[in-house]
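Walk through this model from one local contact outwards to the whole assembly. Keep the viewer open and follow along.

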Protein chains: 2
Amino acid sequence: MSFILWFTGLSGAGKSTLANAIVPELARRGHPRVELLDGDEVRTHISAGLGFTREDRRTNVLRIGYVARLLARNGTVAITAAISPYAEDRDEVRSKSEVPFIEVYAGASLDAVAARDVKGLYKKALAGEIKHFTGVSDPYEPPTRAEVVVDTGVETVQDSLQNILSKLEALGLVKTVSQFQEVRS
Amino acid sequence: MSFILWFTGLSGAGKSTLANAIVPELARRGHPRVELLDGDEVRTHISAGLGFTREDRRTNVLRIGYVARLLARNGTVAITAAISPYAEDRDEVRSKSEVPFIEVYAGASLDAVAARDVKGLYKKALAGEIKHFTGVSDPYEPPTRAEVVVDTGVETVQDSLQNILSKLEALGLVKTVSQFQEVRS
């Protein structure tokens with residue numbers, strides 16, 4: 001069974017880190033076909049020219065949703081890691097999905113991501129040098145019914161990863177490693 | 001083995017008709033996962049806002065190529081049916097493909113498509129009412145090394161379809177129906 005694993009959260013909350021970490025774990029559990037649609041990569045390939053207005057953000061998220069849907073309905077697990085700040089847009093993608101849609105909220109707080117400031121962007125955003133910066137000068141609407149919430153401001157990557165995998169196992173979307181090995185032997 | 005089947009040709013040359021006709025034929029030959037990226041549909045989903053300038057046409061074609069590549073490298077046959085008028089852009093998609101790229105030139109002449117004028121667009125384009133109309137007021141560069149050329153101005157749909165399938169069989173990309181039935185029995 002394929003599915004869409006949709007990460008959402010502030011810039012620097014660890015979406016890409018977790019998304020990259022989960023790919024080999026899915027392979028170990030019997031999902032050899034996994035495609036990661038990272039926010040920056042997708043902007044380059046299908047959303048160049050779009051900005052960060054309300055409407056452009058919506059368009060970007062719907063495009064990612066469209067590509068994820070095409071992949072997933074053909075048996076590939078699609079993992080997305082874009083900020084996707086608006087609940088309405090995420091819900092629209094969810095409602096159009098033809099496979100299970102698993103929303104993972106990388107819920108590091110603004111304080112936590114601004115303190116880490118991996119890319120140095122929060123400093124600039126807080127100084128007013130970047131407009132439309134999510135969480136600072138642009139809204140972020142946390143999910144109210146995400147399938148998984150991981151507090152990436154506090155948890156280790158391994159802990160968050162385990163939480164996500166446990167949920168996917170509980171939903172019957174991935175096997176445990178031992179189940180998969182049984183099937184193969 | 002997956003592949004990209006890339007139709008190119010003038011508006012009204014029969015690209016979509018052939019692309020739609022080939023989907024069930026591929027399924028009969030052992031390719032259950034086939035995704036058709038039709039020109040109009042793709043414009044709606046990932047290229048809304050792009051126009052018909054040289055640069056926008058390039059962007060549109062590269063986006064279709066990106067999505068086709070994601071699908072094909074995960075085992076789904078990707079069929080595209082966009083005019084894709086510039087040889088340079090098609091060649092760029094070809095060079096980035098990670099799977100066999102099969103270019104099919106739906107080679108109906110301008111006279112033939114204008115005479116049929118299925119959507120009534122050529123009449124308007126020839127009267128100057130539509131700008132940047134491929135073949136009339138915008139260039140179309142026929143492929144010089146397409147894997148398959150079908151003269152959709154003269155051949156029947158069935159003939160063109162058979163030509164394409166024969167080529168795919170010769171390339172080892174699809175089985176014949178009888179080969180596939182042997183494998184299953």
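**From one residue to the pair of chains**

Leaving aside residues up to four places away in sequence, Asn163(A) touches Val148(A) and Val150(A). Asn163(A) is part of helix H7 of chain A, which covers residues 157-170. Now take Val149(A). Its C-alpha atom is separated from that of Asn163(A) by 8.4 Å. Along the chain the two residues are 14 apart. Is Asn163(A) buried or exposed? Neither word fits: Asn163(A) counts as partly exposed, because it has 17 C-beta neighbours inside 10 Å. A buried residue would need 20 or more.

Before going further, a word on confidence. The model is predicted. Chain A has an average pLDDT of 94. A score of at least 70 is reached by 98% of its residues. For the complex, the predictor reports an ipTM of 0.93 and a pTM of 0.94. Where pLDDT is low, the predicted coordinates should not be read in detail.

Next, go to strand E3 of chain A, residues 77-81. How many of its 5 residues are buried? The count is 5 of 5, and the strand is mostly covered. Look at its two faces in turn. Val77(A), Ile79(A) and Ala81(A) are buried on one side. Ala78(A) and Thr80(A) are buried on the other. Both faces of E3(A) are thus covered.

Which strands pair with E3(A)? One is strand E1 of chain A, residues 4-8, joined to E3(A) by 4 bridges and running parallel. Here Phe7(A) stands opposite Ala81(A). Another is strand E2 of chain A, residues 34-38. E2(A) and E3(A) also pair in the parallel sense, over 5 bridges. Within this pairing, Leu36(A) has Ile79(A) as its bridge partner. Ile79(A) is also one of the buried residues of E3(A).

Switch to chain B for the sheet as a whole. Its 5 strands form an open sheet with parallel pairing. What is the strand order? Read it as E2-E3-E1-E4-E5. The edges are E2(B), residues 34-38, and E5(B), residues 148-150, each of which pairs on one side only. Ignoring direction, neighbouring strands are turned against each other by 15° on average.

Inside this sheet, follow E1(B), residues 4-9, to E4(B), residues 101-106. The two run parallel and are joined by 6 bridges. Trp6(B) stands opposite Glu103(B) in E4(B). Then add a helix. H3(B), residues 54-73, lies across E1, E2 and E3 of chain B. Its direction is at about 160° to E3(B).

Finally, put the two chains together. Superposing chain A on chain B takes a rotation of 180° with 0.0 Å of shift along the axis, and the RMSD is 0.0 Å. That is the relation of a two-fold axis. Where do the copies meet? In chain A, 12 residues are in contact with 12 residues of chain B. Helices H2 (39-46) and H3 (54-73) of chain A each supply at least two residues of the side that touches chain B. The largest share, 5 residues, comes from H3(A). By class, this side of chain A has 5 nonpolar, 4 polar and 3 charged residues. Of the interface residues of chain A, 100% are also interface residues in chain B, so the copies meet through the same surface.

Note on methods
Residues numbered from 1 in each chain as written. Chains lettered and ligands numbered in written order. Predicted model: local features only at pLDDT ≥ 70, side-chain atom pairs only at ≥ 80, totals over all residues. Least-squares fit on C-alpha atoms with pLDDT ≥ 70 in both. Contact = placed C-beta atoms within 7 Å. Nonpolar A, V, L, I, M, F, W, Y, C, P; charged D, E, K, R; others polar. Buried ≥ 20, exposed ≤ 12 C-beta atoms within 10 Å, placed from the backbone. Pairing = 2+ DSSP bridges. pLDDT = per-residue confidence, 0-100. Axes fitted to C-alpha atoms, helices over the stretch in contact; angles between N-to-C directions.
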